[in-house]
Amino acid sequence: MSRFFSEKYSSLTPYTPGEQPQDTKYVKLNTNESPFPPSPKAVAAAAEAARRVQLYSDPECRALMKKFCAVFGLEPDEVVFVNGSDEVLNFAFMAFCDETCGAVFPNITYGFYPVFASLNRVPYTEIPLRGDFTVDVDAYCGVGKTVFIANPNAPTGVALSRAEIERIARSNPDNVVVIDEAYVDFGTETCLPLIRRYDNLLVTQTFSKSRSMAGARLGFGAGDPALIRDLNTIRYSTNPYNVNSMTMAAAIGVLDDEDYTARNCRMIQENRAFTVDALRAMGFTIPDSKANFVFARHETVDGETIYRRLKERGVLVRHFTRPEICDYNRITIGTREQMQILLDTLKTVLEEARA
Ligand code: PMP
């Protein structure tokens, strides 16, 4: 830390992103990216847009907004685009939380929530998940704080139903309820249809996972126009050009290729079912996942050993050191070939660990 670093950030512990090795020697199952390339329509559109990057991107994202609203059935004043959904989550902490209105989220969830809370000096409460990793819905009803719930949750993959989320939104009419749907396209009901019924509900999604655009950085928030205006106040006060023109073009391309996205999501769900069955047969316990990853604990071999030995053999998964979950690894669902390599490598790792 330099002697110039503001005291207000001196105790901040930043988020630790998953490893991004720059060589290709790993089967990379650690950051929940799509194993499929972006739609060729997205690639072509981005390349074309690159020819005009001497100009600023459109702060109103008009061309993307038109296409997006047609596909999602939303109105432009219900949507804000952001540089990855992390950005809209941070904006929500900035806009809807303060010293008097703290945040609440599960104790095991996306690791960025406590970081955003600390960054914005927002007091927060963590509500324990139940023993089976489900979110304790009753504990959020009438909680009187800004609620953040990832649905499906990360790193567990466990999802709530739309009716359960609705109960949380209905019981907190004077607080914003943020539903982070980063992984919704892999088998969870979206809460987007609820935003017109609950003016306190903000739904966030990303193009990083189901639409294979993690490196392009595009997310969105959807909610009542008044919420969106607040988020735009923050956006225009930080970076109105937060979404670059190549990314916007790529997004229009991928939204023109919804069949491609649907096919990829179907394949991930098939590969997930295949992987879960095989892992359970090898002695792993896995909560029912609706995401493009599974959270797996072995009956005899500890999580850190599995992570380390897989990595030595070229398979990268995500291990968390927090004591409550250190027996688990989060494994991204990839192609069938990648899953077969994972299973074959795990077999060796488990045999060695038992020897
Ligand atoms: N929410 C959750 C639960 C996530 O796991 C992630 C990805 N790390 C994000 C939001 C943010 O994704 P992005 O910024 O790429 O949209």
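Which residue is the bridge partner of P106 in β4? In the predicted model, that position is taken by I127. The pair belongs to the contact between strand β3, residues 103-106, and β4, two strands that run parallel and are joined by 4 bridges. A further pair in this ladder is formed by F105 and its bridge partner E126 in β4. Between the two strands the chain passes through helix α4, residues 112-119, and the resulting β-α-β crossover from β3 to β4 is right-handed.

β3 and β4 are part of an open sheet of 7 strands with mixed pairing, arranged in the order β2-β8-β7-β6-β5-β3-β4. The edges of this sheet are formed by β2 (79-82) and β4 (124-127), each of which pairs on one side only. On average, neighbouring strands are turned by 20 degrees against each other when direction is ignored. One face contact of the sheet is provided by helix α6, residues 162-170, which packs on the sheet and touches β5 (146-150), β6 (177-180) and β7 (201-206). The direction of α6 makes about 155 degrees with that of β6.

Within the order of strands, β3 also pairs with β5, in the parallel sense and over 2 bridges. In this pairing V104 stands opposite V147 of β5. Antiparallel pairing is found around strand β8, residues 219-223. β8 and β2 pair in the antiparallel sense over 4 bridges, and F81 stands opposite F220 in β8. β7 and β8 are likewise antiparallel, with 5 bridges between them; here V203 stands opposite A222 in β8. Strand β8 is mostly covered, with 5 of its 5 residues buried. G219, G221 and G223 point one way from the strand, whereas F220 and A222 point the other way, and all are buried.

Helix α7, residues 225-238, contains I234. The relative accessible area of I234 is 16%, and this residue is therefore classed as buried, since the term applies under 20%. Leaving aside residues up to four places away in sequence, I234 touches F91, M94 and A95. I234 and R313 are separated by 79 residues in sequence and by 45 Å in space, C-alpha to C-alpha.

A second sheet is also open and consists of 4 strands in the order β9-β10-β13-β12, with antiparallel pairing. β9 and β12 (318-319) stand at its edges with a single partner strand each, so one side of each is left without a neighbour in the sheet. Between β10 and β13, which run antiparallel, there are 5 bridges, and R297 has Y328 in β13 as its bridge partner. Helix α10 packs on this sheet, touching β9, β10, β12 and β13, and its direction makes about 40 degrees with that of β13.

Two further helices, α9 and α11, are associated with this part of the model. Helix α9 (residues 258-281) comprises 24 residues and reaches 35 Å from its first C-alpha to its last, close to the 34 Å expected at 1.5 Å a residue. Just after α9, G283 takes a positive phi of about 100 degrees. Helix α11 comprises 19 residues; the distance from its first C-alpha to its last is 27 Å, close to the expected 27 Å.

The packing of two helices is described by the angle between their axes and the distance between the axes. For α9 and α11 the angle is about 10 degrees and the axes lie 10 Å apart. The two helices are therefore roughly parallel to each other, as angles under 35 degrees are assigned to that class. At this contact E270, N271, F274, T275, A278 and L279 of α9 meet R336, M339, Q340, L342, L343 and L346 of α11.

Several of these contact residues are also buried. The buried residues of α9 include N271, T275, A278 and L279, and those of α11 include M339, L342, L343 and L346. Outside that contact, the buried residues of α9 also include Y260, T261, N264, C265 and I268. The cover of the buried residues of α9 includes α8 (245-255), β9 (284-285), β10 (293-298), β13 (328-332) and α11 (336-354). For α11, the covering elements include α9, β9, β10, α10 (303-312), β11 (315-316) and β13.

Note on methods: Residues numbered from 1 in each chain as written. Predicted model: local features only at pLDDT ≥ 70, side-chain atom pairs only at ≥ 80, totals over all residues. Heavy atoms only, no water. Pairing = 2+ DSSP bridges. Axes fitted to C-alpha atoms, helices over the stretch in contact; angles between N-to-C directions. Contact = heavy atoms within 4.5 Å. Expected span 1.5 Å × (residues − 1). Buried < 20%, exposed > 50% of the residue type's maximum accessible area, 1.4 Å probe, protein only. Right-handed = clockwise from strand over helix to strand, strands pointing away. Parallel < 35°, antiparallel > 145°, perpendicular 65-115°, else oblique.
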